[in-house]
Amino acid sequence: MEVFVKEGGISGSKSWSVSSKKIEFVAMELGATLAKIFVFDKNGNKTDVLLGYDTADGFLAGVGSHGAIVGRVANRIANASFELNGKSYKLDSNDGKNCLHGGFFRWEKQIWNSRALKNGVEFFRKSVAGEQGFPGNLDVFVRYTIFEENTLKIEYEAKSDADTPFAPTNHAYFNLNGSGSALHHVVKIFCKKVAEAGAHLIPTGKLILVQGTPWDFLNGKEVKKDISRLEGEPSFGYDHSFETNANGKIVPVAEVLGEKIKMKIRTDAPALHFYSGNFLEGVKGKGGAIHKNRDGLCFETGFFPNSLNTPAFPSVILKAGDTFRSVTEFSFDFV
């Protein structure tokens, strides 16, 4: 398998283009962001399956975390606070009274260091103790590589000098048609349980069976089929975490089918957060496109929201001196 790595691909931030015969991605130092993913058909025609912006300035101004690495702790932390080792920590209340995606100092707006790999690119940054309100000096590595020609692999690695929460994700918005609504995408999620969401989408700590509920994607269905049952407070659509039962092994968790392109998702993370792009209305994206709600779908692999305050969920605490590692893979094929 030949993989070509070259500098460039988006203006305004140092970026890298990585390509094989079947896919190409562009990632940049601003936010360690996946800016583009092209999927090639048999004639070499390509479709960009990511929502985003034409320039780094667009990503910098955007508020939807398009394609970015989200951390230290992705998703919501109730009451923007937690306790660790007998000490209380207060975070930014940037989502009502809760903390969302790290608060006001977003990793997606920071410049990461980067270096080319044989089959991809590695990004690195040091999150110093106190950043976003979290303890510990945290060294974070994110690697994007092409695997088996049609697969984008995301590898996370981190180490801290003190116990600290760490639960990253990538916040890519996918549209396998390249444009238009994603409501007709057929989504299959192999997970039998979903975290019950309470007020402000904070999980209650209870996992419920999806069968017979709007969250039942076991046999595959169009996103639009049951979404109207969720439109309104608190979710405005899908914004829920499913239990993967990965237990540290890389397992298939979802498949997504557009008009011509199919995407398969595998991960070793304990949760898959499915977000149906409920707040994209009016966003001006690539090529001047004005998006509507549900034009992109997010499949955020990682941990359950508010795990820090939910003992029933897998722990997000990275112990001092230990190494965090996690892998997620997105595979693409024309059908």
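The largest pocket encloses about 570 Å³ of space, and of its 28 lining residues, Arg76, Leu100, Asp239, Tyr275 and Phe279 lie closest to its centre. This is a predicted model, in which local features need pLDDT of at least 70 and side-chain atom pairs count only at pLDDT 80 or more, while totals for chains, interfaces and linings use all residues. Residues are numbered from 1 along each chain as its sequence is written, and side-chain values use heavy atoms, with hydrogens and water left out.

**Pocket and cavities**

- On a 1 Å grid over the protein atoms alone, a cavity is a set of points where a 1.4 Å probe fits but cannot get out, and a pocket is an open set with protein on both sides within 12 Å along at least five of seven lines; lining residues have an atom within 4 Å of a point.
- Grid points are joined across faces, edges and corners, and a volume is the space filled by probe spheres set on the points.
- The lining of the largest pocket comprises 11 nonpolar, 11 polar and six charged residues (Ala, Val, Leu, Ile, Met, Phe, Trp, Tyr, Cys and Pro count as nonpolar, Asp, Glu, Lys and Arg as charged, and the others, Gly among them, as polar).
- There are four cavities of 30 Å³ or more, and the largest has a volume of about 70 Å³.
- Residues lining the largest cavity include Asn75, His273, Glu300 and Phe304; strand β25 (residues 298-302) gives the most to this lining, with three residues.
- The second largest cavity has a volume of about 60 Å³, and its lining divides into four nonpolar, five polar and two charged residues.

**Cysteines**

- The whole structure contains zero disulfides (pairs of cysteine sulfur atoms within 2.5 Å).
- Cysteine 99 is in no disulfide, and the nearest cysteine sulfur, that of cysteine 298, is 18 Å away.
- The sulfur of cysteine 298 is 16 Å from the closest cysteine sulfur, in cysteine 191, which is too far for a bond.
- Cysteine 99 is buried, with a relative accessible area of 2%, and cysteine 298 is buried at 0% (buried means under 20% relative accessible area, with a 1.4 Å probe and protein chains only).

**Arginine 266**

- Arginine 266 belongs to strand β23 (residues 261-267); strands are DSSP runs of E, at least two residues, numbered from the N terminus.
- Arginine 266 is buried, with a relative accessible area of 19%.
- The side chains of arginine 266 and serine 331 are joined by a polar contact of 3.0 Å (a pair of N or O atoms within 3.5 Å; within protein, one must be able to donate a hydrogen and the other to accept it, and residues adjacent in sequence count only if both atoms are side-chain atoms).

Technical notes: Helices (H or I, at least four residues) and strands (E, at least two) are DSSP runs, numbered from the N terminus. Buried means under 20% relative accessible area, exposed over 50%, partly exposed in between (1.4 Å probe, protein chains only).
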